[in-house]
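User: Hi! I'd like a close look at one part of the model below, with a walk through what surrounds it.

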Amino acid sequence: GSNGIPKNVQTLGSAATGLPGATDVAAMFKGIPQKGLFLGSPFAPVPMIMYIDLQCPICQNFETTVTPTLVSKYIRPGKVRLKIEPWAFIGPDSTRGQKAMFAAAAQNKAFDFAQVLYDNQGTENTGWLSDSMVYQIAASVNGLNVPKLLADRSSSSVRSQADAVAAAALANKVSGTPTVFVGKNGTKPQLVGSNGAAPDQAQVVTAIDTALVG
(Lines give C-alpha, C1' and ligand atoms only; values in the text may rest on other atoms or scores of the structure.)
Protein backbone atom coordinates (compact mmCIF):
# COMPACT_ATOMS: atom_id res chain seq x y z
CA GLY A 1 0.00 0.00 0.00
CA SER A 2 0.91 3.70 -0.15
CA ASN A 3 1.97 3.64 3.49
CA GLY A 4 4.74 1.16 2.69
CA ILE A 5 3.22 -1.77 4.59
CA PRO A 6 3.11 -4.88 2.36
CA LYS A 7 -0.26 -6.34 1.46
CA ASN A 8 0.73 -9.75 2.78
CA VAL A 9 1.73 -8.73 6.30
CA GLN A 10 3.99 -11.11 8.20
CA THR A 11 1.88 -12.52 11.02
CA LEU A 12 4.53 -13.18 13.68
CA GLY A 13 7.82 -11.37 14.08
CA SER A 14 11.12 -13.23 13.84
CA ALA A 15 14.51 -11.88 14.90
CA ALA A 16 16.26 -14.39 12.69
CA THR A 17 14.90 -12.71 9.56
CA GLY A 18 14.70 -9.22 11.02
CA LEU A 19 16.61 -5.97 10.93
CA PRO A 20 20.27 -5.67 12.00
CA GLY A 21 20.71 -6.26 15.72
CA ALA A 22 17.40 -8.09 16.15
CA THR A 23 18.96 -11.38 17.27
CA ASP A 24 21.15 -9.59 19.82
CA VAL A 25 18.10 -7.79 21.18
CA ALA A 26 16.20 -11.07 21.51
CA ALA A 27 19.11 -12.57 23.46
CA MET A 28 19.43 -9.52 25.72
CA PHE A 29 15.82 -9.66 26.92
CA LYS A 30 15.22 -13.42 26.76
CA GLY A 31 13.84 -14.76 30.02
CA ILE A 32 13.39 -11.35 31.68
CA PRO A 33 9.80 -10.59 32.73
CA GLN A 34 8.09 -7.93 30.63
CA LYS A 35 4.70 -6.55 31.59
CA GLY A 36 3.47 -3.64 29.54
CA LEU A 37 6.03 -0.87 29.98
CA PHE A 38 7.83 -2.64 32.83
CA LEU A 39 10.97 -4.75 32.51
CA GLY A 40 12.20 -6.95 35.36
CA SER A 41 10.91 -8.68 38.44
CA PRO A 42 7.94 -7.04 40.18
CA PHE A 43 9.75 -7.91 43.43
CA ALA A 44 12.90 -5.94 42.56
CA PRO A 45 13.87 -3.59 45.41
CA VAL A 46 14.81 -0.66 43.17
CA PRO A 47 12.37 0.98 40.72
CA MET A 48 13.83 2.93 37.81
CA ILE A 49 11.81 5.19 35.51
CA MET A 50 13.13 6.42 32.19
CA TYR A 51 11.55 8.94 29.82
CA ILE A 52 12.58 8.43 26.20
CA ASP A 53 11.76 9.73 22.75
CA LEU A 54 12.14 7.00 20.16
CA GLN A 55 13.77 9.25 17.58
CA CYS A 56 16.09 10.99 20.08
CA PRO A 57 19.76 10.31 19.17
CA ILE A 58 20.87 10.83 22.78
CA CYS A 59 18.38 8.16 23.85
CA GLN A 60 19.76 5.92 21.12
CA ASN A 61 23.26 6.32 22.53
CA PHE A 62 22.06 5.60 26.07
CA GLU A 63 19.98 2.60 25.05
CA THR A 64 22.74 0.98 23.00
CA THR A 65 25.70 1.70 25.31
CA VAL A 66 24.30 1.87 28.87
CA THR A 67 21.07 -0.15 28.94
CA PRO A 68 22.72 -3.51 28.07
CA THR A 69 24.92 -3.14 31.17
CA LEU A 70 21.94 -2.22 33.34
CA VAL A 71 20.02 -5.22 32.04
CA SER A 72 22.80 -7.70 32.73
CA LYS A 73 23.99 -6.25 36.05
CA TYR A 74 20.74 -5.19 37.70
CA ILE A 75 17.56 -6.08 35.83
CA ARG A 76 18.22 -9.71 34.94
CA PRO A 77 19.35 -10.56 38.52
CA GLY A 78 16.13 -9.05 39.92
CA LYS A 79 17.63 -5.96 41.57
CA VAL A 80 15.97 -3.30 39.40
CA ARG A 81 12.61 -3.03 37.67
CA LEU A 82 12.56 -0.52 34.83
CA LYS A 83 9.49 1.40 33.73
CA ILE A 84 9.78 3.11 30.37
CA GLU A 85 7.81 6.27 29.60
CA PRO A 86 7.69 6.76 25.81
CA TRP A 87 7.34 10.50 25.29
CA ALA A 88 6.79 12.25 21.97
CA PHE A 89 8.14 15.78 21.83
CA ILE A 90 10.61 16.01 18.93
CA GLY A 91 8.29 15.58 15.95
CA PRO A 92 5.92 13.32 13.96
CA ASP A 93 8.34 10.39 13.94
CA SER A 94 8.30 10.53 17.74
CA THR A 95 4.51 10.18 17.80
CA ARG A 96 4.56 7.34 15.28
CA GLY A 97 7.16 5.48 17.34
CA GLN A 98 5.37 6.16 20.61
CA LYS A 99 2.10 4.71 19.32
CA ALA A 100 3.86 1.60 18.06
CA MET A 101 5.69 1.09 21.34
CA PHE A 102 2.44 1.31 23.30
CA ALA A 103 0.99 -1.25 20.90
CA ALA A 104 4.01 -3.50 21.45
CA ALA A 105 3.59 -3.06 25.22
CA ALA A 106 0.08 -4.53 24.91
CA GLN A 107 1.86 -7.74 23.85
CA ASN A 108 4.61 -7.39 26.48
CA LYS A 109 7.19 -6.75 23.76
CA ALA A 110 7.81 -3.02 24.22
CA PHE A 111 11.48 -3.28 25.16
CA ASP A 112 12.34 -5.56 22.26
CA PHE A 113 10.56 -3.21 19.86
CA ALA A 114 12.33 -0.11 21.18
CA GLN A 115 15.77 -1.70 21.19
CA VAL A 116 15.47 -2.93 17.59
CA LEU A 117 14.31 0.55 16.66
CA TYR A 118 17.31 2.17 18.34
CA ASP A 119 19.67 -0.24 16.59
CA ASN A 120 18.24 1.01 13.28
CA GLN A 121 17.43 4.63 14.12
CA GLY A 122 17.54 7.27 11.38
CA THR A 123 18.11 11.02 11.54
CA GLU A 124 15.48 12.86 13.57
CA ASN A 125 12.65 14.67 11.80
CA THR A 126 13.47 13.23 8.38
CA GLY A 127 10.43 10.95 8.20
CA TRP A 128 12.59 7.84 8.63
CA LEU A 129 10.17 6.25 11.12
CA SER A 130 7.52 5.59 8.51
CA ASP A 131 4.72 3.04 8.68
CA SER A 132 6.98 0.79 6.61
CA MET A 133 9.78 1.10 9.19
CA VAL A 134 7.37 0.42 12.05
CA TYR A 135 6.30 -2.72 10.20
CA GLN A 136 9.92 -3.83 9.67
CA ILE A 137 10.75 -3.32 13.35
CA ALA A 138 7.66 -5.21 14.50
CA ALA A 139 8.48 -8.05 12.12
CA SER A 140 11.92 -8.28 13.76
CA VAL A 141 10.62 -9.08 17.27
CA ASN A 142 10.21 -12.75 18.11
CA GLY A 143 6.59 -13.75 18.61
CA LEU A 144 5.12 -10.29 18.11
CA ASN A 145 1.72 -10.34 16.43
CA VAL A 146 2.46 -7.82 13.69
CA PRO A 147 -1.09 -7.19 12.37
CA LYS A 148 -2.33 -6.64 15.93
CA LEU A 149 0.42 -4.10 16.62
CA LEU A 150 -0.37 -2.21 13.42
CA ALA A 151 -4.07 -2.10 14.32
CA ASP A 152 -3.61 -1.25 18.00
CA ARG A 153 -1.64 1.91 17.24
CA SER A 154 -4.90 3.80 16.68
CA SER A 155 -6.71 2.43 19.75
CA SER A 156 -8.22 4.58 22.49
CA SER A 157 -5.90 2.86 24.97
CA VAL A 158 -2.85 4.12 23.09
CA ARG A 159 -4.25 7.66 23.01
CA SER A 160 -4.92 7.53 26.76
CA GLN A 161 -1.41 6.27 27.49
CA ALA A 162 0.14 9.03 25.39
CA ASP A 163 -1.84 11.62 27.34
CA ALA A 164 -0.77 10.03 30.62
CA VAL A 165 2.92 10.16 29.72
CA ALA A 166 2.65 13.80 28.68
CA ALA A 167 0.96 14.63 31.99
CA ALA A 168 3.57 12.70 33.98
CA ALA A 169 6.41 14.43 32.13
CA LEU A 170 4.89 17.80 32.99
CA ALA A 171 4.31 16.86 36.63
CA ASN A 172 7.89 15.60 37.01
CA LYS A 173 9.37 18.61 35.19
CA VAL A 174 10.91 16.44 32.48
CA SER A 175 12.47 18.71 29.87
CA GLY A 176 14.42 16.27 27.69
CA THR A 177 15.28 12.66 27.04
CA PRO A 178 16.58 10.41 28.34
CA THR A 179 15.53 11.47 31.84
CA VAL A 180 16.07 8.87 34.55
CA PHE A 181 14.64 8.51 38.05
CA VAL A 182 15.87 5.90 40.55
CA GLY A 183 14.65 5.09 44.04
CA LYS A 184 13.86 2.24 46.36
CA ASN A 185 10.53 0.63 47.09
CA GLY A 186 8.39 2.76 49.35
CA THR A 187 10.02 6.05 48.36
CA LYS A 188 9.61 8.44 45.44
CA PRO A 189 12.28 7.86 42.76
CA GLN A 190 14.72 10.77 42.46
CA LEU A 191 16.16 12.41 39.36
CA VAL A 192 19.58 11.07 38.33
CA GLY A 193 21.94 13.85 37.27
CA SER A 194 20.55 17.25 36.30
CA ASN A 195 17.29 18.07 34.54
CA GLY A 196 17.66 18.45 30.80
CA ALA A 197 20.97 16.57 30.65
CA ALA A 198 21.24 12.84 29.96
CA PRO A 199 22.91 10.96 32.84
CA ASP A 200 25.95 8.85 32.10
CA GLN A 201 26.41 5.23 33.09
CA ALA A 202 28.41 6.08 36.22
CA GLN A 203 25.66 8.34 37.54
CA VAL A 204 22.95 5.72 36.98
CA VAL A 205 25.04 2.93 38.51
CA THR A 206 25.82 5.08 41.56
CA ALA A 207 22.14 5.89 42.03
CA ILE A 208 21.16 2.23 41.79
CA ASP A 209 23.93 1.03 44.12
CA THR A 210 23.00 3.72 46.67
CA ALA A 211 19.34 2.66 46.55
CA LEU A 212 20.27 -1.01 46.94
CA VAL A 213 22.16 -0.39 50.19
CA GLY A 214 19.92 2.40 51.45
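How many aromatic pairs does a search of the whole structure find? Please take one of them and follow the chain outwards from there.

Analyst: Happy to! Please keep in mind that this is a predicted model. A search of the whole structure finds three aromatic pairs. One of them is formed by Tyr-51 and Phe-181, whose rings meet edge-to-face, with 6.2 Å from centre to centre and 70° between the planes. Angles over 60 degrees count as edge-to-face, and the 70° of this pair falls in that class. The two partners come from distant parts of the chain: Tyr-51 sits in strand β3 and Phe-181 in strand β5, 130 residues apart. Each ring belongs to a buried residue: Tyr-51 has a relative accessible area of 2%, and Phe-181 has one of 9%. Both values fall below the 20% limit for buried residues.

The two strands of this pair also share a neighbour, helix α9. The buried residues of α9 pack against β3 (46-52) and β5 (179-182), and also against α2 (57-65), α3 (67-75) and β4 (80-86). Which residues of the helix are these? They are Val-204, Val-205, Ile-208 and Ala-211. Because these four cover an arc of only 130° around the axis, they lie on the same side of α9. The length of the helix can be checked too. α9 runs over residues 201-213, and at 1.5 Å a residue its 13 residues should span 18 Å; the end C-alpha atoms are 18 Å apart, so the two values agree. At the start of α9, a side-chain oxygen of Asp-200 comes to within 3.2 Å of the backbone nitrogen of Ala-202.

Now to the approach to β5, the strand that carries Phe-181. In the loop between α8 (156-171) and β5 we find Pro-178, and the peptide bond joining Thr-177 to Pro-178 is cis, with omega about -5°. The loop between α8 and β5 also holds Lys-173. Lys-173 has a positive phi of about 55° although it is not a glycine, and at 62% relative accessibility it counts as exposed. If you are checking backbone torsions, there is another residue to look at: Asn-108, also not a glycine, has a positive phi of about 60°. Asn-108 belongs to the loop between α4 (92-105) and α5 (110-119) and is partly exposed, at 29% relative accessibility.

On the β3 side, the loop that leads from β2 (38-39) to β3 contains Ser-41. With 19% relative accessibility, Ser-41 counts as buried because the limit is 20%. The side chain of Ser-41 reaches the backbone nitrogen of Phe-43 at 3.0 Å. Beyond its neighbours within four places in sequence, Ser-41 is in contact with Pro-33, Gly-78 and Arg-81.

Two cysteines also deserve a look. How many disulfides are there? The count comes to zero. The sulfur of Cys-56 has its closest cysteine sulfur, that of Cys-59, 3.3 Å away, which is too far for a bond. A disulfide needs the two sulfur atoms within 2.5 Å. Cys-59 is likewise in no disulfide, the sulfur of Cys-56 being the nearest cysteine sulfur to its own. Both residues are buried: Cys-56 has 4% relative accessibility and Cys-59 has 1%.

Gln-55 takes us on to helix α4, where Ser-94 lies. The side chains of Ser-94 and Gln-55 are joined by a polar contact of 3.0 Å. Ser-94 is buried, with a relative accessible area of 0%. Leaving aside neighbours within four places in sequence, Ser-94 is in contact with Asp-53, Gln-55, Ala-88 and Phe-89.

One last stop is Ile-137, found in helix α6 (residues 131-138). At 0% relative accessibility, Ile-137 counts as buried. Not counting residues up to four places away in sequence, Ile-137 touches Leu-19, Phe-113, Val-116, Leu-117 and Leu-129. Ile-137 and Ala-114 are 23 residues apart in sequence, while their C-alpha atoms are 8.6 Å apart in space.

To return to your starting point, the Tyr-51 and Phe-181 pair brings together β3 and β5, and the buried residues of α9 pack against both of these strands.

Definitions and conventions:
Residues are numbered from 1 along each chain as its sequence is written. This is a predicted model: local features need pLDDT of at least 70, side-chain atom pairs count only at pLDDT 80 or more; totals for chains, interfaces and linings use all residues. Side-chain values use heavy atoms; hydrogens and water are left out. The expected span of a helix is 1.5 Å times one less than its number of residues. Buried means under 20% relative accessible area, exposed over 50%, partly exposed in between (1.4 Å probe, protein chains only). The arc is that of the directions from the helix axis to the C-beta atoms. Contact means heavy atoms within 4.5 Å. A polar contact is a pair of N or O atoms within 3.5 Å; within protein, one must be able to donate a hydrogen and the other to accept it, and residues adjacent in sequence count only if both atoms are side-chain atoms. Rings of Phe, Tyr and Trp (its six-membered ring) pair if their centres lie within 6.5 Å; planes under 30 degrees apart count as stacked, over 60 as edge-to-face and the rest as tilted.
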